[in-house]
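User: I am new to reading structures. Can you take me through the terms used for this one?

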Amino acid sequence: MARRSAPEVNAGSMADIAFLLLIFFLVTTTIDTDRGISRKLPPPLDETITPPILKQKNIFVVELNKNNDLLVEEAPMELKDLRAAAVAFLDNGGGAGDEACNYCRGEKSSTSSDNPEKAVISLRNNRETSYAMYIAVQNELVAAYTELRNREAERMFGKTFTQMELDLKDVNYSGSKERLKDNIKKVQLMYPEKLSEAEPKK
């Protein structure tokens, strides 16, 4: 009995199908991109200008040591309490006369910040501080500014600062984007983000 040869499979179109599948997955797949912390770098230091002298009470010192322990104003603090402490400092409004803050709702303590414009948060960390803890502290401090900005934006414009920023990015936003930009800037000036990072300690 004669042996039959196995029929050959026509694989000519397999390459085309594989190529089409590859294109399909490239078009439909979203690729995650790394994101950094949004920070505006200061302009180069002009050595002819004398930097302003800051009162110690207008500086809120946050420190992270190599063991990831959090010290706020030289006292130990849990990460969960940091945002509230930063809000209390920024919103204190302890100044008088020209330095008074008429929209601050804080305790108006004479030992804390005069007004949000003068208030500076100084973050100091150790070179051995974990990256995760460093980011967590950054997030809490930025969230303190956002919380205060949301409150004032809600009071003045009927929507949160976060929503205003989302509306500005929305291509389908029906209102005036120029007015929206002006309103965002007004809120930012009320609580300017002054977050200073010192050189990490060894």
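Analyst: Here are some labels and the values behind them. Keep in mind that this is a predicted model.

User: What makes Tyr-191 buried?

Analyst: Its relative accessible area is 1%. Buried means under 20%, so Tyr-191 counts as buried.

User: Why is the pair of Tyr-103 and Tyr-191 called edge-to-face?

Analyst: A pair of aromatic rings is described by the distance of the centres and the angle of the planes. For Tyr-103 and Tyr-191 the centres are 5.6 Å apart, and the planes stand at 75°. The cut-offs are centres within 6.5 Å and, for edge-to-face, planes over 60 degrees apart. Both are met, so the pair is edge-to-face. Tyr-103 lies in the loop between α2 and β4, and Tyr-191 in the loop between α5 and β5, so the pair ties together parts 88 residues apart in sequence.

User: Why are Tyr-131 and Tyr-134 called tilted?

Analyst: Their planes are at 35°, with the centres 6.5 Å apart. Stacked needs under 30 degrees and edge-to-face over 60. The angle of 35° fits neither, so the pair is tilted. Both residues sit in helix α3, about one helical turn apart.

User: Which of these two is exposed, and which is buried?

Analyst: Tyr-131 has 63% relative accessibility. Exposed means over 50%, so Tyr-131 is exposed. Tyr-134 has 17% and is buried. In total, the structure holds four aromatic pairs.

User: How do you know that strand β1 is largely enclosed?

Analyst: Six of its six residues are buried, so the rest of the structure largely encloses β1. In a regular strand the side chains alternate between the two faces of the sheet. Both faces of β1 are covered. Ile-59, Val-61 and Glu-63 are buried on one side, and Phe-60, Val-62 and Leu-64 on the other.

User: What makes β4 and β2 partners of β1?

Analyst: Two strands pair if there are at least two bridges between them. Six bridges join β1 to β4, and these strands run parallel. Three bridges join β1 to β2, which run antiparallel. Both counts meet the cut-off, so β4 and β2 each pair with β1. As examples, Leu-64 has Asn-125 in β4 as its bridge partner, and Glu-63 stands opposite Leu-71 in β2.

User: Why do Arg-83 and Glu-140 count as a salt bridge?

Analyst: Side chains of opposite charge can pair when their charged atoms come close. The closest N and O atoms of Arg-83 and Glu-140 are 3.2 Å apart. The cut-off is within 4 Å, so this is a salt bridge. Arg-83 is in helix α2 and Glu-140 in helix α3, 57 residues apart.

User: What makes Arg-83 partly exposed?

Analyst: Its relative accessible area is 32%. Partly exposed lies between under 20% and over 50%, so the label fits Arg-83. Glu-140, at 16%, is buried.

User: How do you know that Lys-181 and Glu-178 form a salt bridge?

Analyst: The N to O distance is 3.9 Å. Within 4 Å is enough, so the pair of Lys-181 and Glu-178 qualifies. They lie in helix α5, three residues apart, about one turn of the helix. The whole structure has eleven salt bridges.

How values were computed. Residues numbered from 1 in each chain as written. Predicted model: local features only at pLDDT ≥ 70, side-chain atom pairs only at ≥ 80, totals over all residues. Heavy atoms only, no water. Buried < 20%, exposed > 50% of the residue type's maximum accessible area, 1.4 Å probe, protein only. Helix = DSSP H or I, 4+ residues; strand = E, 2+ residues; numbered from the N terminus. Phe/Tyr/Trp six-rings, centres within 6.5 Å; stacked < 30°, edge-to-face > 60°. Salt bridge = Lys/Arg side-chain N within 4 Å of Asp/Glu carboxyl O.
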